[in-house]
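Welcome! Here are some friendly questions and answers for a reader new to this structure.

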Amino acid sequence: MNISKLDKKRKIAILNSALKEFTIKGYDEASTNVIAKEADISKALMFHYIGNKQELFLFIYDYFEEVLENEYYSKINLKEKDIFNRLRQSYLLQLELLEQYPWILEFDKLATETSSEEINKRILNSDKNRNVSECFNLFNDIDTTKFRNDLDIKKCIQFILWSNVGFTNKILEDIRNKGVQDSNNEQIISTLDGYFDELQKVFYTFKEEHKDG
């Protein structure tokens, strides 16, 4: 595959267009016509660089798996034991990724069975060898001493997880409605901090100041 020979702007356009189409429709129903159109490149020129649909999917899968590993999972500081500070750094990293790759948080949707045995084997192998799991690591080994003594910690963490999923979905909806260029990350973080403040009032025996990183 020669996609690496493309200039960065055009390469990113194809990657984002393909990721969007594959996550929305799945591999089997995805249209290379749509991918080329959204990337603002002719289909003939696109196939000159990517070979075929299966090669494109496999390249997309490997590319974004590596991006997430290097730019998100490996950067999460799990030494931070406060659940809200850990979530905050997670959001900061996600927002950085969304600026360049608006559909990257939908990556897991690629891991569905397809008509291609080669793709199915690649995904299965990836699931077996994945180094980190976002939900497991984010909510594992947190400091529970800050929680009120009269609360069920497991239920509290589950509630915080649901809130986290809901807020993430709201961010994605807003970004896709307004466009990445028009999204305001400072406002998003400010809103997030406000939610965290209220959640700390509910669950903690004291209110902790948010820390970056």
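**Why these names fit**

The side chains of Asp82 and Lys146 meet in a salt bridge, with 3.1 Å from N to O. This is a predicted model, in which local features need pLDDT of at least 70 and side-chain atom pairs count only at pLDDT 80 or more, while totals for chains, interfaces and linings use all residues. Residues are numbered from 1 along each chain as its sequence is written, and side-chain values use heavy atoms, with hydrogens and water left out.

Q: Why is the meeting of Asp82 and Lys146 called a salt bridge?
A: The term asks for a side-chain nitrogen of Lys or Arg within 4 Å of a carboxyl oxygen of Asp or Glu. The N to O value for Asp82 and Lys146 is 3.1 Å, so the pair fits the name. Asp82 lies in the loop between α4 and α5, and Lys146 in the loop between α7 (134–138) and α8, 64 residues apart. Helices here are DSSP runs (H or I, at least four residues), numbered from the N terminus.

Q: Why are α1 and α4 called roughly perpendicular?
A: Helix α1 (residues 8–29) and helix α4 (residues 53–71) pack at about 110°. Angles of 65 to 115 degrees count as roughly perpendicular, so α1 and α4 earn that description. Their axes, lines fitted to C-alpha atoms over the stretch in contact, are 10 Å apart.

Q: What makes the residues Tyr91, Gln94, Leu95, Leu98, Leu105, Thr168 and Ile171 the lining of the largest cavity?
A: A cavity is a set of points on a 1 Å grid where a 1.4 Å probe fits but cannot get out, and lining residues have an atom within 4 Å of a point. Those seven names are the residues that line the largest cavity, and α5 gives the most, with four residues.

Terms used
Axes fitted to C-alpha atoms, helices over the stretch in contact; angles between N-to-C directions. Helix = DSSP H or I, 4+ residues; strand = E, 2+ residues; numbered from the N terminus. Parallel < 35°, antiparallel > 145°, perpendicular 65-115°, else oblique. 1 Å grid on protein atoms, 1.4 Å probe; cavity = no way out; pocket = protein on both sides within 12 Å on 5 of 7 lines; lining within 4 Å.
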